[in-house]
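Trainee: Got a minute? I'd like to go through this one with you.
Mentor: Sure, put it up.
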Amino acid sequence: MDATPITTPRKSATFDDYTLSEIRRAAATGIYDIRGGGAKRKLPNFDDLLFLGASMSRYPLEGYREKCETDVWLGTRFAENPIHLKIPVTIAGMSFGSLSAQAKESLGRGASKMGTSTTTGDGGMTEEERGHSSILVYQLLPSRYGMNPDDLRRADAIEVSLVKARSPAGGGMLLGQKISDRVAQMRTLPKGIDQRSACRHPDWTGPDDLEIKIEELREITDWKKPIYIKVGASRPYYDTALAVKAGADVVVLDGMQGGTAATQEVFIEHIGLPLLGAIRPAVQALQDLGMHRKVQLIVSGGIRTGADVAKALALGADAVSVGTAALVAIGDNDPALEEEYQRLGTTAGAYDDWHEGKCPAGISTQTPELAARLDPALGGRRLANYLAVLTLEAQTIARACGKSHVHNLEPEDLVALSVEAAAMAQVPLAGTKWIPGVTGA
Amino acid sequence: MPEVDLGITPLRELNGTLHNLPADTNETHWIVDNPAGRHAIAAGLDAPLKVEINGPVGYYCAGMNKLATVQVHGSAGVGVAENMMSGFVHVSGDASQAAGATGRGGLLRVDGNASSRCGISMKGIDIVVKGSVGHMSAFMAQAGNLIVFGDAGDALGDSIYEARLFVRGNVKSLGADCIEKAMRDEHKAAVHDILTRAGINGQIDPSEFKRYGSARKLYNFNVDNAGAY
C-alpha cells in the first residue's frame, strides 16, 4: 500500500522568511534594525501609470528633429539670483560623512556636466563638493553641523530641511565608525562617537517661526539666494501650503521610497507617503494659492527612470531629485563586488548598511582605503551618463505626447493601471473615466 | 557715527549697508534707533563693527555674527546670536528662547534672564547669563561654555557632548547623561577668563559656580541605556 501523501510544507504569508529572520535578530540583539535606503516593500509607484501618447487629437513631435526643452528655473519668487538648471533632475542632499569625499566629488562632477545642482547634507560643505559643483544647494538642517555664514553666502541656494535620513520626524544617526577626524572636526564632535542628528530645528518651531527664520537667512544673504523648504511626504497639502506661507521659493517633497542615510527600519517602512500619493495634494495646494509654477516643486523618493521623471512632471512637479539612483550610478551595490558583499553578509542589490562605513564601492564610507576605490572622474562620468539617459527618456515621452517642453506634460496625458494608482495620482483608471475620490463610479 | 532710524529706514537697507561696508571704512560704530522688535537686525555681520541698538529686538538679532560687537539696549527675541561665529553680543535685558543656539564662537552676554533652550546645540560659543535660564538649556551642547549666575530649569544639559556648564544657583533637574563634575582650578580660571572678556569680572567669585558636563555614557548607542532617553 502506498504511503500517505504528505502535504507540501507551507510557509506563512504573514510570517514569511524575512519576518522570521527579523524576529530572531531582534530577539538576539534587543535593538531595532538601522539601515540606509528607502522603503523596500512594494508600494504603489509610477509603474502603475501609463502615458497615452499622441493620437488623432494630439500631434507628436519628431524625435531628434523637433525641440523638447528640459530647462527649469528655481527660485523665481523672491531670490535676486534664481537658479537655472538645464535638466529637471537634481541631486538630493547627502552629507559628507555619510558619503566619502570621493563620492561627493563624483556627484558634483556628474551634475555639473549636465548643468544641474547637487546638495550638501548634514555635515556642512566640503571643498570637494563646492569645487566640483557648479550649482550647489546648501542645507540648513536641525543639527546645524558645519553651518556657517561663509558657506551660506557661497552657496547657490539654501534648503531648509525638515527631513533627515528620509525621516520626516525622526532625526538620524551617524555611527561612530564613520566619525573620522575630518568628520568629527566638521561637526565639532569627539571622534568615534555615535552622532545623533536632531529631529527638530533648535531655534524655531512651527511655520510662523520658520517664516521669520527664512527672513533671517534672506537678510544674511542679502535676498540673493533661492530658499527651498524640504518636507517629508506626510501631509503634503498642508505642508506645501505652509511652506509657501513661510516664504519658500521652492518646495522639496520627499516620498518614502527615497532615503540614503541611516535610520530605523520601522521608520523607513511605516512612516510617510509613497511619492505617487503625495504629488497631487502638493500641487493642489500650490494651485489653490495661485502659486503653481511660481513656487517650484521638486519631488524625490524612488525616481529611477526617465519615465518616472516624466510622470512626476506630468503630475505637476517642476523637477525631481535623485539620491539612491545617483549612488547606484556611481557604483553602489555593483554586482562586480559580489564577493565583498557576501563577506558582509549580504548581496549586491541588497546592501543597505551604509551607516557602518564598510561600503566596498567606496561610497558610503570614511575608511580611506575603501574611499580610494572610487575614482571621482569615472564616477562623475557615470552619473552624467545616467542623468543624460533620464533626460532623453523624459524628452522621448514628452515628444510622444506632443510637448515642446517637459513641463507641458500634464495629468491628462496619464492613465492608471490600478485603482490605487488612479486614486493617488488622480488620473483615470485605464479605459475608464473613473478617478476614485474625484469622479463618480 | 552713523545713526539709522528703523522707523524710517527699511531693515533690508540697514543690513545690506552693514554687509557691504568697505574693509577700510571709518564708519565702524553704528547706532540703530526704533528697532521695535524687528527680526534679524544686524544679522550676518562679517566685519569688526560696533552696532548699538536702542530698544528691543525680535528674532535672530545678530544671527551668525562674525567679528562684530552688537549691543542691544533692551530685550531680545528668539535665537539672539544664533550660530554666532565670533565677536560679542550683549543684551542688557532678557533674552527669549534659544539664545546663542548652535553658536560656534564668540561671546554672548545676557544681563537679564534667558528663556528655555539657551545654548541649545552650542558648538563653541561662550554664553554668560546674569539671571537664570529656562528648561532644556544646553540641550545637545557640543562645545563651549555656558555660565549662569542664577538658576537653571529642568533638564539642563540633556544629551550633552563636550560643552561645559557653570551654574551658581539651583538646577531644577539635569537631563540625560548630564552630571555634576568637580570644579577644579582650570575651570575656575576658564570662568574668570570668560567673565573678564564679558566685562563683568570681579562681581562673582568663580568658585561659587558648580560645573556640569557629560557623563559620556550615551556616546555610543547601547540598548541597555534605552531607558535613559
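Trainee: Which residues are buried in α7(A)?
Mentor: Pro236(A), Asp239(A), Thr240(A), Ala241(A), Leu242(A), Ala243(A) and Val244(A). Buried means 20 or more other C-beta atoms, placed from the backbone, within 10 Å of the residue's own. Before you go on, this is a predicted model, where local features need pLDDT of at least 70 and side-chain atom pairs count only at pLDDT 80 or more, while totals for chains, interfaces and linings use all residues. Residues are numbered from 1 along each chain as its sequence is written, and chains are lettered from A in the order in which they are written.
Trainee: So how many residues of helix α7 in chain A are buried?
Mentor: 7 of its 10, over residues 236-245, which makes α7 mostly covered. Helices here are DSSP runs of H or I with at least four residues, strands are E runs of at least two, and both are numbered from the N terminus.
Trainee: What do the buried ones pack against?
Mentor: α6 (206-220), β11 (227-232), β12 (250-254) and α9 (279-288), all of chain A. Contact means C-beta atoms, placed from the backbone, within 7 Å.
Trainee: And what follows α7(A)?
Mentor: Gly247(A), with a positive phi near 105°.
Trainee: Switching topic, how many residues does each chain put into the contact?
Mentor: Chain B gives 37 and chain A gives 23. On the chain B side, α1 (11-19) and β7 (123-129) each supply at least two residues. The largest share there, 4 residues, comes from α1(B).

How values were computed. A residue is buried if 20 or more other C-beta atoms lie within 10 Å of its own, exposed if 12 or fewer, and partly exposed in between; C-beta atoms are placed from the backbone. Two residues are in contact if their C-beta atoms, placed from the backbone, lie within 7 Å.
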